[in-house]
Every structure is written in C-alpha cells, then in structure tokens.
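These are my notebook entries on a protein model, written down in the order in which I looked things up. I wanted to follow a few helices and the loops that come after them.

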Amino acid sequence: MSEVYISVDIEASGPIPGTYSMLALGACEVGRTDRRFYVELCPTSASSVPEAMKVVGKSLEDFAQAGTDPTEAMMAFREWALQISETRDPVFVGFNATFDWSFINWYLHTYLNDNPFGFGGVDIKSYYMGLVGCSWADTRSSRIPSKFKGQSQHTHNALDDAIEQAEMFERMRASHLK
C-alpha cells in the first residue's frame, strides 16, 4: 500500500500533554500543501508556561472563548486525515516530531481512542541528520541550508509551520531520491 505524508504542527500551553493543553493544530499534505487543516482548541487545563503562551500569542481565555471542543477538533482532524489519505496509509511528519506527536497521540487516544497514524511518524530533524550526517545540534532550523527550505516562513501559527515543514521535508526527500 502507498503512503501519504501529512505534516503536522501544534501550539501548546506547555511541554507535555495532559498537564498542558494543545491550543492549535495545523496540518497539510506533503507535496500538496493546498490540502490543509487548521483548528484552535479549548484548553483542557488551566496550566500554562508563560514562554509558551508568548509564542502562541493569545491567552488561555482567548482559546476558551473561541476554541473548538477537543473531541470535535480531533474528530474533524481524523476525518480530514483519512479523507486525504484515501487508500494510502497516513504517515505523521513533524519538525521535532516527538513534541507534536506526543500531543497528537495523547489527544487522539484520549478523545477518540484511535490514532490513524499508528504508533509513530517521521521526524524531519532526524531525517536531515541521517541525510547529511550532521550532529543533532546542527538539525536546528536556523542551521539547515536554504536549499532545503521552501517559500513559507516560520510564524508559530500551526498551519503556517506545518506548511513550512512540509516544504522542507519534500525538498529533503527530493534531494535524497536523486
């Protein structure tokens, strides 16, 4: 069966799911970034880290007022991922995927008892490390050469960042497959 790579980025109120809330989720298909998903979620806890909230640019109260219920948000995300996957296997892709994956996996299992991505995904930082043989410290986005970066900018909006990393992963794969 073939695969479809889905770039996922999240914004959260802190470093771990359960204690802290996923506040925004953006995703797009790698190679077809016009196929996208975005949702802001209601917080599941009052806990937050000031630095994380500064990055997000909104307060927990803003998300509580305008966010989507986590169950509804995760149902919509799962439906979208399965729809664009069609008959292909969806593969989670993230830049520092361990962070984003932990929230996505926790939310999908907590609210839906199901994760269409299975047990793991592709970490772009690790992929880059294997591609060029660099150290882990050299996998920071500021150290990755521009030839691997697309047109999109890193804004800390979950959809913008999902698109940026999809472009990066697509370029890395293309250079590897040559």
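Before naming any loop I had to settle what counts as a helix or a strand: helices are DSSP runs of H or I with at least four residues, strands are runs of E with at least two, and both are numbered from the N terminus. I also note that this is a predicted model.

**Entry 1: the loop after H3**

With that settled, I placed glutamate 86 in the loop between H3 and S4. I looked up its backbone angle and found that the phi of glutamate 86 is near 55 degrees, which is a positive value in a residue other than glycine. I wrote beside this that most residues other than glycine have a negative phi. Is glutamate 86 buried or exposed? I found it exposed, with a relative accessible area of 56%.

**Entry 2: helix H3 itself**

I then went back to the helix that comes before this loop. Helix H3 covers residues 70-85, has 16 residues, and reaches 22 Å from its first C-alpha to its last, which is close to the 22 Å expected at 1.5 Å a residue. At the start of H3, I saw that a side-chain oxygen of aspartate 69 comes to within 3.0 Å of the backbone nitrogen of threonine 71.

Which residues of H3 are buried? I listed Pro70, Ala73, Met74, Phe77, Arg78, Trp80, Ala81, Ile84 and Ser85. Looking down the axis of H3, I found these buried residues within an arc of 160 degrees, so they line one face of the helix. The general rule helped me here: an α-helix has 3.6 residues a turn, so residues three or four places apart point the same way. On the face of H3 turned away from the buried side I found the exposed residues Glu72 and Gln83.

What do the buried residues of H3 pack against? I noted strand S1 (3-12), strand S2 (22-29), strand S3 (32-40), strand S4 (89-94) and helix H4 (97-112).

**Entry 3: arginine 78**

Arginine 78, which sits in helix H3, caught my attention as a charged residue to check. Its relative accessible area is 17%, and arginine 78 therefore counts as buried, the cut-off being under 20%. Leaving out residues up to four places away in sequence, I found that arginine 78 touches Leu108, Leu112, Asp114 and Pro116.

**Entry 4: helix H4**

Since H4 had appeared among the partners of H3, I looked at H4 next. H4 has 16 residues and reaches 21 Å from its first C-alpha to its last, close to the 22 Å expected at 1.5 Å a residue. Its buried residues are Ala97, Asp100, Trp101, Phe103, Ile104, Tyr107, Leu108 and Leu112. They cover an arc of only 165 degrees around the axis, which puts them on the same side of H4. Among the elements that cover the buried residues of H4 I recorded S1, S2, H3, S4 and S5.

I also checked both ends of H4. In the loop between S4 and H4 I found asparagine 96, whose phi is near 65 degrees, a positive value in a residue other than glycine. Asparagine 96 counts as partly exposed at 33% relative accessibility. Just after H4, asparagine 113 takes a positive phi of about 60 degrees.

**Entry 5: strands S4 and S5**

In strand S4 I looked up aspartate 89, which counts as partly exposed at 36% relative accessibility. Aspartate 89 and valine 4 are 85 residues apart along the chain, yet their C-alpha atoms are separated by 6.0 Å.

In strand S5 (residues 121-123) I chose valine 122. Not counting residues up to four places away in sequence, valine 122 touches Val91, Phe92, Val93, Gly94, Ala97, Tyr127 and Phe169. For another pair I noted that valine 122 and alanine 76 are 46 residues apart in sequence and 22 Å apart in space, C-alpha to C-alpha.

**Entry 6: the largest pocket**

Last, I asked how much space lies in the largest pocket. I found about 430 Å³, with a lining of 20 residues, of which Asp9, Glu11, Phe99, His154 and His156 lie nearest the centre of the pocket. The elements that give two or more residues to this lining are S1, helix H1 (50-56), H4 and helix H6 (158-177).

Key
Residues numbered from 1 in each chain as written. Predicted model: local features only at pLDDT ≥ 70, side-chain atom pairs only at ≥ 80, totals over all residues. Heavy atoms only, no water. Expected span 1.5 Å × (residues − 1). Buried < 20%, exposed > 50% of the residue type's maximum accessible area, 1.4 Å probe, protein only. Arc of directions from axis to C-beta. Contact = heavy atoms within 4.5 Å. Polar contact = N/O pair within 3.5 Å; in protein donor to acceptor, adjacent residues only side chain to side chain. 1 Å grid on protein atoms, 1.4 Å probe; cavity = no way out; pocket = protein on both sides within 12 Å on 5 of 7 lines; lining within 4 Å. Points joined across faces, edges and corners; volume = space filled by probe spheres on them.
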